[in-house]
Amino acid sequence: MAAVSAAPRPSMPPRLALRAHLFSSASPLPMRALPLLRSRFRSLTTAYAVKQDTALWTPAPVSAISAATDDGSVSLIAVDLSDATDLVDSYTNPGQYLLIRVPGEELKPAYMVISSPPKAGPRFEFLVKSVPGATAGRLCALRDGDVVELGAVTGKGFPLDRINPPDVAQTVLIFAAGTGISAIRSLIEFGFAAKERADVRLYYGDTSLKSMSYQERLSNWESTGIKIIPVLSQPDDSWKGERGYVQDAFFRNKNIVNPSSTGAILCGPNEMQEELTLSLVADGVSRDKILTNY
């Protein structure tokens, strides 16, 4: 019988290979060699980590930055990805997100939903609420030409196949609060056949009109077949629309004609999503047709 050769062992990262060598019984080492080996171990570990880290991040210049709200609390940031076509191509579904950081900063990278729709050209846009002392605050202080670093596009986005074709969900109820509208913008501008459905509503909540993003886009969104219901939790006395939170506005007038042909899309605080999910399921809406982007 012919001898069977052993399969080659998979290569180990430098830190593990060196550790295996250090503690192998086949290679006894004098004590005086330990400081030198520890130094080599640290340098190899650092080099391996840098190599790993470099592979994860894509540098990109800021191509535009502007206030997204009247009170300046939220910024719209666009980055140029002309030299990062692979990253652009990996963004395929509304609601996907990625990590973003500012080079040279020790701040923890922040997850950001991509607010521009897929296939919209070689740039990503982000809606960023300024948070002092965090990456979000640092991003809002950037200028055109400053460089950021982007991680890989993550998540599956909204599973739109669960509410398509349109006959599966003739009613689609969309709920967004605060910067949760970022993912919803991507969804609306990407398209989900809103005009082929009988009833598509967007309940869009924020504190006040001064802190509400994308007001200049609302009329265009309505032209795609979506009824928009703004909801303000702290409006001024002149506000004549819905007050409270988005779930409050919905609970006051649900108007679900056929629960079996109803879907929902949620993007906002956990409490909002939990309350709406419980209510919709109790009304007969399939949990499988209640979509989130995570």
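The following exercises, with worked solutions, concern a predicted model.

**Exercise 1. Determine the order of the strands in the open sheet and identify its edges.**

Solution. Step one is to read the order across the sheet: its six strands run S10-S9-S8-S7-S11-S12, and they pair in parallel. Step two is to find the strands that pair on one side only; these are strand S10 (242-243) and strand S12 (290-291), the edge strands. Step three examines one of these edges. Strand S11 (residues 262-267) pairs with S12 in the parallel sense over two bridges, and Ile265 stands opposite Leu291 in S12.

**Exercise 2. Establish how strand S7 is enclosed and how it is joined to its partners.**

Solution. Begin with burial. A residue counts as buried under 20% relative accessible area. Seven of the seven residues of S7 are buried, so the strand is largely enclosed by the rest of the structure. On one side of S7 the buried residues are Thr171, Leu173, Phe175 and Ala177, and on the other they are Val172, Ile174 and Ala176; both faces are therefore covered, since all of these are buried.

Next, consider the pairing. S7 and S8 are joined in the parallel sense by seven bridges, and Val172 has Val200 in S8 as its bridge partner. Between these two strands the chain passes through H5, in a β-α-β crossover that is right-handed. Helix H5 (residues 181-190) lies across S7 (171-177), S8 and S11, at about 145 degrees to S7. With S11, S7 forms six bridges, also in the parallel sense; there, Thr171 is partnered by Thr262.

**Exercise 3. Check the length of helix H8 and describe its packing.**

Solution. First, compare the expected and actual spans. H8 has 13 residues, which at 1.5 Å a residue should span 18 Å; its end C-alpha atoms are 18 Å apart, in agreement. Second, place the helix: H8 (residues 270-282) lies across S7, S11 and S12 and runs at about 170 degrees to S11. Third, list the buried residues of H8, namely Met272, Gln273, Leu276, Thr277, Ser279 and Leu280. These buried residues pack against S7, helix H7 (246-252), S11 and S12. Finally, note what follows the helix: Gly284, with a positive phi near 105 degrees.

**Exercise 4. Decide whether Ser213 is buried or exposed, and locate its contacts.**

Solution. Ser213 belongs to the loop between strand S8 (199-206) and helix H6 (218-222). Its relative accessibility is 2%, so Ser213 counts as buried. Apart from neighbours within four places in sequence, Ser213 is in contact with Ala68, Thr69, Val74, Leu127, Ile181, Tyr204 and Asp206.

Conventions. Residues numbered from 1 in each chain as written. Predicted model: local features only at pLDDT ≥ 70, side-chain atom pairs only at ≥ 80, totals over all residues. Heavy atoms only, no water. Helix = DSSP H or I, 4+ residues; strand = E, 2+ residues; numbered from the N terminus. Buried < 20%, exposed > 50% of the residue type's maximum accessible area, 1.4 Å probe, protein only. Contact = heavy atoms within 4.5 Å. Pairing = 2+ DSSP bridges. Axes fitted to C-alpha atoms, helices over the stretch in contact; angles between N-to-C directions. Expected span 1.5 Å × (residues − 1). Right-handed = clockwise from strand over helix to strand, strands pointing away.
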